[in-house]
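Hi,

Here is the structure I promised to pass on. Have a look at it first, and then read on for what turned up.

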Amino acid sequence: MTKILGIDFYNECKVSCLQGTHTQSMEVDMKQRNGIKDFLGEFVKGGLLMCCCRLEVMGAYPCLPAFFAVTFVEGQTSAFIVIGALLGMFYQMSLEAIVKYVFVLLTIAVGIRLYIWSNHYSNGWVAAAFAGGATIAMHYASNAFFIHHNDVLLRGVFEGLIVFGLTVVFRFRQIIFAH
């Protein structure tokens, strides 16, 4: 058996020898390299989401929903990214923050997926709006049954605005460096 990782090297070499070129074997090699590159990229993004859970600003974690929205709008969300976010949340956050941000991430995922389904394209501004809006909504939902001062109510709005701004910065930084 000359089949390694789902690639039949015997038939690939036989075809390339018959044609006199190695183009097909080179294409297979490039596909494997791209697959490994994509795997490592998703693994690194999962690690970055774990680090985003470490960045706390006045009891809020604005980098987590912003970075998740950017990776989700690009269609790069995989098991590594979700596992990295969950591991980072369980390791770094309190139980109240974990529940809040799990619902924020679910709201972002559902909202962006519905937008892509209805319009057939993704948009960085819409992802930022979903991320900021979901963060504001979950902040008010988690504080709905408590009587707070105005500073707690304003903190939710400012957290949503920070998440919106970070999502725009992360998205357009990625677009600029991609070209």
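In which helix is Ala 131 found? It's helix α6, and that turns out to be a handy place to start. One thing to keep in mind as you read: this is a predicted model.

**Ala 131 and Thr 135**

Ala 131 has a relative accessibility of 0%, so it counts as buried. Leaving out residues up to four places away in sequence, Ala 131 touches Pro 65, Ala 69, Ile 108, Val 163 and Thr 167. If you want a distance to check on screen, try the C-alpha atoms of Ala 131 and Leu 166: they are separated by 9.7 Å, with the two positions 35 residues apart along the chain.

Thr 135 also lies in helix α6. Its relative accessible area is 0%, under the 20% cut-off, so Thr 135 is buried. Setting aside neighbours within four places in sequence, Thr 135 is in contact with Pro 65, Lys 100, Val 104, Glu 159, Gly 160 and Val 163. Pro 65 and Val 163 are on the list for Thr 135, and you'll find both on the list for Ala 131 too.

Why should two positions like these face a similar way? An α-helix has 3.6 residues a turn, so residues three or four places apart point the same way.

**How α3 packs on α6**

Two packed helices are described by the angle between their axes and the distance between the axes. For helix α3 (residues 63–73) and helix α6 (residues 124–142), the angle is about 145° and the axes are 9 Å apart. The crossing of α3 past α6 is right-handed. On the α3 side, the contact is made by Pro 65, Ala 69 and Val 73; on the α6 side, Ala 127, Ala 131 and Thr 135 make it. Sorted by class, that contact has five nonpolar residues, one polar and no charged ones.

α3 itself is mostly covered, with 11 of its 11 residues buried. Among them are Cys 63, Leu 64, Phe 67, Phe 68 and Phe 72. Following α3 comes Gly 75, which has a positive phi near 75°.

**α5**

Helix α5 covers residues 95–119, which is 25 residues. From its first C-alpha to its last, α5 reaches 36 Å, close to the 36 Å expected at 1.5 Å a residue. Its buried residues include Lys 100, Val 104 and Ile 108. Lys 100 and Val 104 are contacts of Thr 135, while Ile 108 is touched by Ala 131. Tyr 115 is another of the buried residues in α5, and it comes up again below.

**Aromatic pairs**

A search of the whole structure finds six aromatic pairs. In one of them, the ring centres of Tyr 115 and Tyr 121 are 5.9 Å apart and the planes sit at 75°, so the pair is edge-to-face. How covered are the two partners, Tyr 115 and Tyr 121? Tyr 115 is buried at a relative accessible area of 17%, whereas Tyr 121 counts as partly exposed at 44% relative accessibility.

Another pair is Trp 125 with Phe 172, which is tilted: 5.5 Å centre to centre, with 50° between the planes. Trp 125 lies in α6 and Phe 172 in helix α7 (residues 150–178), so this pair ties together parts that are 47 residues apart in sequence. Trp 125 is partly exposed, with a relative accessible area of 47%, and Phe 172 is partly exposed as well, at 27%. Ring pairs also bring in Phe 164, linking Trp 125, Phe 164 and Phe 172 into a cluster.

**Two positive phi values in the loops**

Two residues to look at here are Met 58 and His 120. Met 58 has a positive phi near 50°, though it isn't a glycine. You'll find Met 58 in the loop between α2 (23–52) and α3, and it is exposed, with a relative accessible area of 65%.

His 120 comes just after α5, in the loop between α5 and α6. Its phi is positive too, about 65°, and again the residue is not a glycine. At 68% relative accessibility, His 120 counts as exposed.

That's the tour. Over to you!

Definitions and conventions
Residues are numbered from 1 along each chain as its sequence is written. This is a predicted model: local features need pLDDT of at least 70, side-chain atom pairs count only at pLDDT 80 or more; totals for chains, interfaces and linings use all residues. Side-chain values use heavy atoms; hydrogens and water are left out. Axes are lines fitted to C-alpha atoms, for helices over the stretch in contact, and angles run from 0 to 180 degrees between N-to-C directions. Helices (H or I, at least four residues) and strands (E, at least two) are DSSP runs, numbered from the N terminus. A crossing is left-handed if the near helix is turned anticlockwise from the far one by less than a right angle, and right-handed if clockwise. Contact means heavy atoms within 4.5 Å. Ala, Val, Leu, Ile, Met, Phe, Trp, Tyr, Cys and Pro count as nonpolar, Asp, Glu, Lys and Arg as charged, and the others, Gly among them, as polar. The expected span of a helix is 1.5 Å times one less than its number of residues. Buried means under 20% relative accessible area, exposed over 50%, partly exposed in between (1.4 Å probe, protein chains only). Rings of Phe, Tyr and Trp (its six-membered ring) pair if their centres lie within 6.5 Å; planes under 30 degrees apart count as stacked, over 60 as edge-to-face and the rest as tilted.
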